[in-house]
Amino acid sequence: MTDLREHNIDEDFFGARLDRWISHFFSKISHNNLEKLLRKGIIRVNGKKVKSNFRLNEGDILTLPDFLDELTTSSINNARIPGAANFIKKITIFQNNEILILNKPFGLAVQGGTGIESHIDGYLQSAFFNSDFSPRLVHRLDKETSGVLVVALTRKMAVHLSSLFKERKVNKTYWAITDGSPAINKGDINFDIKVGENNDNIDALTRYYKILNLNNKISWIAFRPVTGRTHQIRQHASMSSFPIVGDKKYGRHTKEGLMFKKLHLHSQSVDFMNVNGDILHFEASLPKHMEETWKKYNLPLSPNIEGFYN
């Protein structure tokens with residue numbers, strides 16, 4: 001029989017996801033193994049089975065097996081990443097005492113998992129190891145998607161941002177180059193998409209706006225996801241017959257599409273309300289491969305898409 005121990009949630013982790021808490025204290029556990037422990041109920045919160053994205057609250061009690069002690073980092077210093085602080089500084093768009101806005105590079109995962117050794121979360125924990133801040137991820141981007149990534153630096157801001165994302169009060173605009181063009185220049189895509197290991201169908205809503213055609217096959221489209229599902233924009237674009245170029249999972253192998261070797265999906269801007277009521281707006285510059293495409297087709301960096309917001 002597995003020996004169990006109880007843990008009370010520290011104030012610093014109120015509002016944090018369960019998998020974030022686990023990775024902080026038991027850094028050697030893989031995401032797949034964590035999911036198995038949760039499915040079997042070996043790890044519980046308040047005596048109940050929960051999912052990895054469960055948000056921890058004041059008074060919550062975690063029940064964990066003793067064997068997890070073997071998966072802790074013997075010395076946090078040993079897990080630190082050389083050059084992490086400089087790397088985070090290089091990709092920082094904005095920082096104050098509450099939030100950090102990053103321009104996530106193409107090809108870098110946001111969180112760890114099976115076979116993922118390098119990720120934004122690891123760089124953050126190393127970069128802020130000796131600081132008074134405790135960076136918390138409040139949303140994610142796909143590994144191959146670049147652009148604006150919002151990070152909370154305090155518990156209060158993490159709770160605030162998590163609430164905004166949950167209530168769909170964060171406006172995110174993505175730029176993409178697509179293999180094909182929508183018949184209508186502006187509209188909504190509300191097909192159910194497949195999410196999770198079991199490919200469960202789940203509702204999703206994405207707004208799109210065609211900025212212009214690069215030629216008779218390739219288009220530049222702005223997307224705004226209303227819901228926040230995994231691979232939502234990529235699936236919706238593919239299901240609508242204008243998949244994003246360079247998408248090896250949901251794309252198609254046309255002559256035009258194959259000209260683009262990397263995914264052309266970029267989180268270009270984000271808008272949300274600060275805790276004091278101010279509306280904050282941040283933009284991220286294009287990754288190198290998309291910048292080259294913009295130069296090749298002489299595309300503007302400030303297109304007129306006012307009609308998208310009306």
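**Exercise 1. Find out whether F272 and F282 are buried or exposed in this predicted model, and describe how their rings are arranged.**

Solution. Start with accessibility: F272 is buried, and F282 is buried as well. Next, look at the two rings. Their centres are 6.2 Å apart and the planes make an angle of 35°. Stacked pairs need planes under 30 degrees apart and edge-to-face pairs over 60, and the pair of F272 and F282 is classed as tilted. Now place the partners on the chain: F272 sits in strand β14 and F282 in strand β15 (residues 279-283), ten residues apart, so the pair links distant parts of the chain. Finally, widen the view a little: F94 joins F272 and F282 in one aromatic cluster.

**Exercise 2. Classify the pair formed by F223 and F242, and work out which parts of the chain it ties together.**

Solution. First, the setting: the whole structure holds nine aromatic pairs. For F223 and F242, the ring centres lie 6.5 Å apart and the planes meet at 20°, so this pair is stacked. Then trace each partner. F223 belongs to strand β13 (residues 218-225), while F242 is in the loop between α6 (232-239) and β14 (265-273); the pair therefore ties together parts 19 residues apart in sequence. As a last check, F223 and F242 are both buried.

**Exercise 3. Map the largest nonpolar core and say which element gives the largest share of it.**

Solution. Begin with the count: this core has 28 residues, and those with the most contacts inside it are I88, L100, L102, I120, L124 and F223. Then go through the elements. At least two residues each come from α3 (84-90), β5 (99-104), α4 (120-127), β7 (146-152), β8 (171-179), β13 and α6. The largest share, three residues, is supplied by α4. For a close-up, select I88: leaving out residues up to four places away in sequence, I88 touches L100, L102, Y123, L124, A127 and F128. Another core, of 17 residues, lies apart from the largest one and includes M157, A158, L161 and A284.

**Exercise 4. Which residues line the largest cavity, and how do they divide by class?**

Solution. Count first: there is one cavity of 30 Å³ or more. The volume of the largest cavity is about 40 Å³. Now list the lining: G15, A16, R17, R20, R55, R136, L137, V138, A158 and S162. Sorting these by class gives four nonpolar, two polar and four charged residues. To finish, look for the elements: β6 (136-137) and α5 (155-166) each contribute at least two lining residues.

Note on methods:
Residues numbered from 1 in each chain as written. Predicted model: local features only at pLDDT ≥ 70, side-chain atom pairs only at ≥ 80, totals over all residues. Heavy atoms only, no water. 1 Å grid on protein atoms, 1.4 Å probe; cavity = no way out; pocket = protein on both sides within 12 Å on 5 of 7 lines; lining within 4 Å. Points joined across faces, edges and corners; volume = space filled by probe spheres on them. Helix = DSSP H or I, 4+ residues; strand = E, 2+ residues; numbered from the N terminus. Nonpolar A, V, L, I, M, F, W, Y, C, P; charged D, E, K, R; others polar. Phe/Tyr/Trp six-rings, centres within 6.5 Å; stacked < 30°, edge-to-face > 60°. Buried < 20%, exposed > 50% of the residue type's maximum accessible area, 1.4 Å probe, protein only. Core = buried A, V, L, I, M, F, W, Y, C linked by side-chain atoms within 4.5 Å. Contact = heavy atoms within 4.5 Å.
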